[in-house]
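The following note sets out some points for discussion with the structure in view. It is arranged as numbered paragraphs.

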Amino acid sequence: MAVRAVRGAVQLERDEAGHMDERVGALLTAILERNSLVADDLISVWFTATPDLLSDFPAAAARGLGIVDVPLICAQELDIDGAMPRVVRILAHIETNLSKAGISHVYLGATGALRKDIAQ
């Protein structure tokens, strides 16, 4: 087993706690599914949110999915002029047999433009 990192992002339509839970939950679920992972494969997860998202902690979505024994942390993205608004990003550290090249990084919807080099 190797320790790897997997990235992902999703853009919210609005800053609302229920909507954030739904969209971040969908992103986290897609990351797990596309990489054939289960919650026990997660080592830790970093969530970042753009400064315009204030309604909830993105990590709350993971807890809502039953991911309760994995260290999670939330942080704020830099406030850069012209940056895509209402974006939550994930950096998950995982245990996997996948090679670095075999990792599926998940950028849902418009966030695919953020990392055209790795978005799948």
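How many bridges join β1 to β4, and do these strands run parallel or antiparallel? The two strands are joined by 10 bridges and run antiparallel. The points below start from this pairing and concern a predicted model.

1. The β1–β4 pair. Within this antiparallel pairing, Arg4 has Ile94 of β4 as its bridge partner. Strand β1 covers residues 2–11 and β4 covers residues 87–96.

2. The sheet as a whole. The 5 strands form an open sheet in the order β3-β2-β4-β1-β5, and the pairing is mixed. Strands β3 (72–76) and β5 occupy the edges; each has a single partner strand, so one side of each lacks a neighbour in the sheet.

3. The two edge pairings. On one edge, β2 and β3 run parallel and are joined by 5 bridges; Phe47 stands opposite Cys74 of β3. On the other edge, β1 and β5 also run parallel, with 2 bridges between them. Gly8 has Val106 in β5 as its bridge partner.

4. Helix α1. This helix spans residues 17–34, 18 residues in number, and reaches 25 Å from its first C-alpha to its last, close to the 26 Å expected at 1.5 Å a residue. After α1 comes Ser36, which has a positive phi, near 50°.

5. Packing of α1. The helix packs on the sheet, where it touches β1, β2, β4 and β5, and its direction makes about 145° with that of β1. Its buried residues are His19, Met20, Val24, Gly25, Leu27, Leu28, Ala30, Ile31 and Leu32. An α-helix has 3.6 residues a turn, so residues three or four places apart point the same way. The buried residues of α1 pack against α2 (59–64) as well as against β1, β2 (42–49), β4 and β5 (106–107).

6. The nonpolar core. Which residues of the largest nonpolar core touch the most other members? They are Leu42, Val45, Phe47 and Ile90, in a core of 29 residues. Two or more residues of this core come from each of β1, α1, β2, α2 and β4. The largest share, 7 residues, is that of α1. In soluble globular proteins, nonpolar side chains tend to be buried together.

7. Ile90 within that core. Residues up to four places away in sequence are not counted here. Ile90 touches Leu27, Leu28 and Ile31, and its contacts also include Val6, Arg7 and Gly8. Val45, Trp46 and Phe47 complete the list of its contacts. Of these, Leu27, Leu28 and Ile31 are among the buried residues of α1.

8. The segment after β5. Thr111 and Leu114 both lie in this segment. Are these residues buried or partly exposed? Thr111 has 0% relative accessibility and therefore counts as buried. Leu114, at 28% relative accessibility, counts as partly exposed because that value lies between the 20% and 50% limits.

9. Contacts of that segment. With neighbours within four places in sequence set aside, Thr111 is in contact with Ala9, Val10, Gln11, Met84 and Val87. Leu114 touches Ala9, Met84, Val87 and Arg89, not counting residues up to four places away in sequence. Leu114 and Ile94 are 20 residues apart in sequence, and their C-alpha atoms are 22 Å apart in space. Ile94 is the residue already noted as the bridge partner of Arg4.

Notes
Residues numbered from 1 in each chain as written. Predicted model: local features only at pLDDT ≥ 70, side-chain atom pairs only at ≥ 80, totals over all residues. Heavy atoms only, no water. Helix = DSSP H or I, 4+ residues; strand = E, 2+ residues; numbered from the N terminus. Expected span 1.5 Å × (residues − 1). Buried < 20%, exposed > 50% of the residue type's maximum accessible area, 1.4 Å probe, protein only. Contact = heavy atoms within 4.5 Å. Core = buried A, V, L, I, M, F, W, Y, C linked by side-chain atoms within 4.5 Å. Pairing = 2+ DSSP bridges. Axes fitted to C-alpha atoms, helices over the stretch in contact; angles between N-to-C directions.
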